[in-house]
Amino acid sequence: ADYKDPVYLRLSRADMPVLFSEDHEITLGKGSILLPGSDLTLICSGTLLYRTLLAARSLEKAGISSRVLEIHTLKPLDTEIILKCARETGAFVTIEENSIIGGLFGAVAELLALNNMSVPVEPIGIRDRYACTAMDVESLLNFMGLDPVSIEEAAKKVFNIKKAGEKVK
């Protein structure tokens, strides 16, 4: 409420799991690494964080170490932490309950391109299509491919691309 610049908040009316304590502090423009990982980074913005954490735990069981980076602020974007994750893990999946055009995926892809970083990035988000309705949020998210299984599949895809690239070098 005290922030002086324009602000856009995307909120959900759906029930969501509580992931943070009441004393958790958010710093605008600063992302948070919620899970360490070395094979790839799952970058999440918004209400899909719980589903991202579920996917990361499942990937761990499959032998893929997934870092989970929460980016709650797209502008200003925490470019420092994203570039650090790119150097350290070398593969990204962006996860957002939003259009991938002009959202987190676009911001991450632009940042990587402007810094000449060749890092595979796979988006989980709403593709260029019109929205649809459903009886509840859960089934709509699943229908749109915003579920833990889709996140896992995208992670395996970029992980395999990364591994294939490492073999070529």
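User: How many nonpolar residues does the lining of the second largest pocket have?
Analyst: Keep in mind that this is a predicted model. The pocket's volume comes out at about 210 Å³, and 14 residues line it, with D15, M16, R51, E138 and L141 nearest its centre. Split that lining by class and you get 2 polar residues, 3 charged ones, and a nonpolar count of 9.

User: Which helix gives the most to the lining of the second largest pocket?
Analyst: Two helices each supply at least two lining residues: helix 1 (49-61) and helix 4 (137-143). The top contribution is 4 residues, and it comes from helix 4.

User: Which strands stand at the edges of the sheet?
Analyst: Okay, the sheet is open and mixed, with 5 strands in the order 1-3-2-4-5. A strand at the edge has a single partner, so one of its sides is left without a neighbour in the sheet; that goes for strand 1 (32-35) and strand 5 (121-126).

User: What residue in strand 4 does S45 stand opposite?
Analyst: Strand 2 (residues 40-45) and strand 4 (residues 92-99) run parallel, joined by 5 bridges. In strand 4, the residue facing S45 is E96.

User: What angle does the direction of helix 2 make with that of strand 3?
Analyst: Helix 2 (residues 79-89) packs on the sheet and touches strands 1, 2, 3 and 4. Its direction, set against that of strand 3 (66-70), gives about 175 degrees.

User: And at what angle does helix 3 run to strand 4?
Analyst: Helix 3 (residues 104-114) lies across strand 2, strand 4 and strand 5. Relative to strand 4, helix 3 runs at about 140 degrees.

Note on methods. Residues numbered from 1 in each chain as written. Predicted model: local features only at pLDDT ≥ 70, side-chain atom pairs only at ≥ 80, totals over all residues. Heavy atoms only, no water. 1 Å grid on protein atoms, 1.4 Å probe; cavity = no way out; pocket = protein on both sides within 12 Å on 5 of 7 lines; lining within 4 Å. Points joined across faces, edges and corners; volume = space filled by probe spheres on them. Nonpolar A, V, L, I, M, F, W, Y, C, P; charged D, E, K, R; others polar. Pairing = 2+ DSSP bridges. Contact = heavy atoms within 4.5 Å. Axes fitted to C-alpha atoms, helices over the stretch in contact; angles between N-to-C directions.
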